[in-house]
Amino acid sequence: MRQHAERFAAVAIANVTRAYPNAPAHLLRGPEDLVPPHRHHPAFYGSYDWHSAVHMHWLLVRLLRRCPDRVPTAALTEVLDRHLTHGALLAEADYLRANPSFERPYGWAWLLALTAECRALGGAAGARWADALEPAVGAVEELLREWLARATYPVRHGTHANSAFALGLVLDSASAAGRPALAEPVAEAVLGWFADDHDAPVHWEPSGQDFLSPALTEAEAVRRVVPREEFGPWLTRFLPGLEPAPARGPGRRVPAAPLTPPVVSDPADPQIGHLIGLSLSRAAALRGLSAALPNGDARIPVLTGAARDHLATGLPYTASGDFTGDHWLATFAALALDGPPGHGAVD
């Protein structure tokens with residue numbers, strides 16, 4: 001990520017401080033609710049929508065941690081100090097509790113990830129921001145537990161409500177965010193929803209506005225909760241035919257859809273442009289899956305090759321000057337470039 005750090009920092013700062021255009025996901029209960037976005041969201045008013053503001057703040061902290069020599073640290077710190085304050089985050093926590101389905105589960109997961117990133121950064125600044133985030137993290141933990149207790153079925157489509165992506169992000173972040181007890185109910189939900197799945201309908205992918213792969217996000221969630229020796233056989237049942245042709249058993253199909261970068265006919269269209277994000281989120285997922293397989297597994301080169309193709313397809317759009325994509329794509333590029341923990345980053 002180092003070679004992209006400067007432009008990622010510039011686009012993230014521009015977005016988290018840009019209040020308009022804005023797409024508030026706010027229920028109007030009366031005329032008194034017709035207020036500017038910063039009244040409800042003093043921390044996360046920018047970047048077009050709340051979840052993008054949260055994960056663009058995550059990107060700023062990630063850049064400070066991973067590439068401090070490649071970014072204007074004083075400018076990033078000033079913006080984060082201005083937004084991540086106790087007062088602002090108390091207001092965000094109150095809003096979350098008053099609107100319990102707001103940003104469920106995608107925005108919740110990103111708030112945990114932001115807090116985990118602040119704690120990982122450490123130092124006075126990281127501790128200051130993590131401490132300020134505590135009220136909002138507490139609200140997310142309560143809401144997440146309540147939702148999981150009531151959620152009979154997962155949401156499987158490839159946009160914000162996708163259950164597998166959010167729960168995978170929670171599993172990556174809960175302990176580092178100071179909420180380790182969240183891992184148990186989240187893992188139970190992942191296993192209950194997905195452990196028995198097989199023959200994923202990958203020929204249905206992608207839908208026209210996906211930015212997540214339903215199949216790959218599910219596989220990514222499962223690989224986080226099953227023992228390593230069990231994941232390979234599970235993946236064989238779920239995505240049969242990933243091996244190169246000579247290693248493929250008779251009758252096993254190749255799930256070509258999630259291995260081939262999507263066609264994006266109009267990057268400036270807000271929904272069609274989601275498919276750019278699909279390339280980047282697939283790249284991250286494919287790297288994660290390959291890292292979870294044992295050395296010598298024939299599927300590893302298939303997955304890593306597809307990850308490279310998707311990353312190359314999506315990266316040119318991450319700081320294009322078009323706000324349609326600039327307000328969110330760099331975050332997913334960072335996930336794809338950094339890869340899973342311990343697997344090595346791509347510069």
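Mentor: A crossing counts as left-handed if the near helix is turned anticlockwise from the far one by less than a right angle, and we shall need that term for this predicted model.

Trainee: In which kind of crossing, by hand, does helix 3 pass helix 4?
Mentor: Helix 3 covers residues 50-66 and helix 4 covers residues 73-83, and their axes lie 10 Å apart. With the sense of turning defined above, the way helix 3 passes helix 4 is a crossing that is left-handed.

Trainee: Are helix 3 and helix 4 parallel, perpendicular, antiparallel or oblique to each other?
Mentor: The two helices pack at an angle of about 140°, whereas roughly antiparallel would require an angle over 145 degrees and roughly perpendicular one of 65 to 115. Helix 3 and helix 4 are therefore oblique.

Trainee: How many nonpolar, polar and charged residues make the contact of helix 3 with helix 4?
Mentor: Helix 3 contributes His-57, Leu-60, Val-61, Leu-63 and Leu-64, while helix 4 contributes Thr-73, Leu-76, Thr-77, Val-79, Leu-80 and His-83. Sorted by class, these residues come to 7 nonpolar, 4 polar and no charged.

Trainee: Is Asp-338 buried or exposed, and why?
Mentor: Asp-338 lies in helix 15, which spans residues 329-338. Because its relative accessibility is 8% and the cut-off is under 20%, Asp-338 counts as buried.

Trainee: With which side chain does the side chain of Asp-338 make a polar contact?
Mentor: The acidic residue in question belongs to helix 15. At 2.7 Å, the partner of the Asp-338 side chain in this polar contact is the side chain of Arg-66.

Trainee: Which helices are included in what covers the buried residues of helix 11?
Mentor: In helix 11, residues 228-238, the buried residues are Phe-231, Gly-232, Trp-234, Leu-235 and Phe-238. Their cover includes helix 9, helix 10, helix 12 and helix 13.

Note on methods:
Residues numbered from 1 in each chain as written. Predicted model: local features only at pLDDT ≥ 70, side-chain atom pairs only at ≥ 80, totals over all residues. Heavy atoms only, no water. Helix = DSSP H or I, 4+ residues; strand = E, 2+ residues; numbered from the N terminus. Buried < 20%, exposed > 50% of the residue type's maximum accessible area, 1.4 Å probe, protein only. Polar contact = N/O pair within 3.5 Å; in protein donor to acceptor, adjacent residues only side chain to side chain. Contact = heavy atoms within 4.5 Å. Axes fitted to C-alpha atoms, helices over the stretch in contact; angles between N-to-C directions. Parallel < 35°, antiparallel > 145°, perpendicular 65-115°, else oblique. Nonpolar A, V, L, I, M, F, W, Y, C, P; charged D, E, K, R; others polar.
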